[in-house]
Amino acid sequence: MAAATNWAENLAKLGLELPGVAAPVAAYVPAVQTGNLVYTSGQLPMVNGALSIEGKVGAEVSLEQGAEAAQRCALNALAAVHALVGLDNVVRIVKVVGFVASAPGFTGQPKVINGASEFLGEVFGDAGVHARSAVGVSELPLNTPVEVELIAEVR
């Protein structure tokens with residue numbers, strides 16, 4: 001299954017463009033390749049070097065805002081993949097792992113991470129459909145509500 005060759009066109013239709021790679025906030029690199037897989041580090045919803053939103057989903061952050069943040073995380077993950085190997089080389093998105101800083105009692109983590117999953121489907125079509133985990137946690141770095149990492153198969 002090959003990725004849509006028009007990922008840039010699909011991003012444009014969504015009113016988005018690939019940002020620069022978000023600078024790491026600790027001792028890691030944004031993405032690494034081993035064999036035909038690229039693993040991204042956890043990406044935060046950074047826009048121009050700053051978090052786009054802070055807080056816990058189900059408290060300060062709505063489910064809808066969390067899903068938008070998850071989409072931004074996925075966009076930042078694509079930027080990391082693009083900087084390493086180029087998105088034209090993506091065969092498919094294999095797996096997404098999403099972490100949601102959740103208020104007590106909040107159980108909508110899958111709906112939040114749908115923001116990333118649906119976005120990847122819109123960008124890559126069938127090649128954007130992936131395995132996934134959506135995990136609720138009590139805290140995330142920098143008080144971000146969402147963190148997303150992905151694994152992409154590349155040529």
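Across which strands does helix α3 lie, and at about what angle does α3 run to β5? I should like to organise this presentation around that question. Please bear in mind throughout that the model is predicted.

Let me begin with the chain as a whole. Its secondary structure amounts to 3 helices and 7 strands. Taken in sequence order, these elements give the pattern α-β-β-β-β-α-β-α-β-β. For a compact globule of 155 residues, one would expect a radius of gyration near 15 Å; the chain has 14 Å, and therefore agrees with that expectation. Along the principal axes, the C-alpha atoms fill a box of roughly 40 × 30 × 25 Å. Buried residues make up 46% of the 155 in the chain. Among contacts with a separation of 6 or more, 82% are between residues 24 or more positions apart.

I turn now to the sheet. It is open, with 5 strands in the order β1-β2-β7-β5-β6, and its pairing is mixed. The edge strands, each pairing on one side only, are β1, residues 31-34, and β6. From one strand to the next, the twist averages 15°.

Let us follow the pairings, starting from β1. This strand is antiparallel to β2, residues 37-40, and 4 bridges connect the two. Within that pairing, A31 has T40 of β2 opposite it. Further along the sheet, β5, which spans residues 90-101, is joined by 9 bridges to β7, residues 146-154, and these two strands run antiparallel. Here I93 faces A152 in β7. Strand β5 is also joined to β6, residues 131-137, by 7 bridges, and in this case the strands run parallel. As an example, V97 has S133 of β6 as its bridge partner. The connection from β5 to β6 passes through helix α3, residues 109-124, as a β-α-β crossover that is right-handed.

That brings us back to the opening question. Helix α3 lies across β5, β6 and β7, and runs at about 160° to β5. Helix α2, residues 63-85, lies across β1, β2, β5 and β7, running at about 40° to β7.

Next, I would draw your attention to one residue, H130, located in the loop between α3 and β6. Is H130 buried or exposed? The relative accessible area of H130 is 16%; since buried means under 20%, H130 is buried. Its side chain makes a polar contact of 2.8 Å with the side chain of S117. In addition, a polar atom of the H130 side chain lies 2.7 Å from the backbone oxygen of G128. Leaving aside residues up to four places away in sequence, H130 touches R92, I93, V94, K95, V96, S117 and L120. One of these, I93, is the residue I mentioned opposite A152 in β7.

Finally, a word on helix α1, residues 7-13, where A12 is found. With a relative accessible area of 52%, A12 is classed as exposed, because the cut-off for that class is over 50%. Although 111 residues separate A12 from V123 along the chain, their C-alpha atoms are 9.6 Å apart.

To close, I return to the sheet and the helices across it. The order is β1-β2-β7-β5-β6, with α2 lying across β1, β2, β5 and β7, and α3 lying across β5, β6 and β7. Thank you.

How values were computed
Residues are numbered from 1 along each chain as its sequence is written. This is a predicted model: local features need pLDDT of at least 70, side-chain atom pairs count only at pLDDT 80 or more; totals for chains, interfaces and linings use all residues. Side-chain values use heavy atoms; hydrogens and water are left out. Two strands pair if DSSP finds at least two bridges between them. Helices (H or I, at least four residues) and strands (E, at least two) are DSSP runs, numbered from the N terminus. A crossover is right-handed if, with the strands pointing away from the viewer, the path from the first strand over the helix to the second runs clockwise. Axes are lines fitted to C-alpha atoms, for helices over the stretch in contact, and angles run from 0 to 180 degrees between N-to-C directions. Contact means heavy atoms within 4.5 Å. Buried means under 20% relative accessible area, exposed over 50%, partly exposed in between (1.4 Å probe, protein chains only). A polar contact is a pair of N or O atoms within 3.5 Å; within protein, one must be able to donate a hydrogen and the other to accept it, and residues adjacent in sequence count only if both atoms are side-chain atoms. The radius of gyration is taken over C-alpha atoms; the globule rule is 2.2 Å times the number of residues to the power 0.38.
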